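Visitor: I am new to reading structures, and I would like to understand how the words used for them are justified. Could you take me through this one step by step?

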Amino acid sequence: MARAGVRRFSPLATTAVIVAGVIPGIDFLSVIGGPRAYLMLHRTVTHSVVGAAVLAVLVAFMLWQIGRKWEPEPARFPGLLAAAAGGGAGHLLLELGDNYGEKLFWPFSRKWYAGNLWPQPDPWLVLLVAGKLGV
């Protein structure tokens, strides 16, 4: 990603893309609240356009706080925000294509959107194949 030019946005821009691209998956922690909480929260709040935008701002702000005093080049908030927005949008687009879907326009709509382009991978099957391949 850094070689693709994201680094030109700002120092830590590559980190912003990666963190913002992964952070919507934090909704998996709703399983702690039990099955009802999981079904109500999984792929809703953090997988909506509003949630992804809020997470992008938070990621960009935290990384800007970390890198704003770096020498010789401090981190720039607009570049970090653009990188984080790209990472969050990429996460939403990739999960929009699977058969589980997401509530893309939550809280304004409760409708699920799913592209049904590919199935969700079974984690046990992925581990089994990875183990056989020696990865």
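**Reasons behind the words**

Visitor: What makes helix H5 a helix that lies largely in the open?

Guide: This is a predicted model, and in it helix H5 covers residues 123-133. A residue is called buried when its relative accessible area is under 20%, and of the 11 residues of H5 the number that meet this cut-off is zero, so the helix lies largely in the open. After H5 comes Gly134, whose phi is positive, near 75°.

Visitor: Which residues of helix H1 are called buried, and how do you know on which side of H1 they lie?

Guide: In H1, which covers residues 13-22, the buried residues are Ala13, Thr14, Ala16, Val17, Ala20 and Gly21. Around the axis they cover an arc of only 160°, and therefore they are on the same side of H1. An α-helix has 3.6 residues a turn, so residues three or four places apart point the same way.

Visitor: What do the buried residues of H1 pack against?

Guide: They pack against helix H3, residues 49-67, and helix H4, residues 77-96; contact here means heavy atoms within 4.5 Å.

Visitor: Why is the order of elements in the chain written as α-α-α-α-α?

Guide: The chain holds five helices and zero strands, and helices and strands are taken from DSSP runs numbered from the N terminus, which means that the elements, read in that direction, run α-α-α-α-α.

Visitor: How much of the whole chain counts as buried?

Guide: With the cut-off of under 20% relative accessible area, 33% of the 135 residues count as buried.

Note on methods:
Residues numbered from 1 in each chain as written. Predicted model: local features only at pLDDT ≥ 70, side-chain atom pairs only at ≥ 80, totals over all residues. Heavy atoms only, no water. Buried < 20%, exposed > 50% of the residue type's maximum accessible area, 1.4 Å probe, protein only. Helix = DSSP H or I, 4+ residues; strand = E, 2+ residues; numbered from the N terminus. Arc of directions from axis to C-beta.
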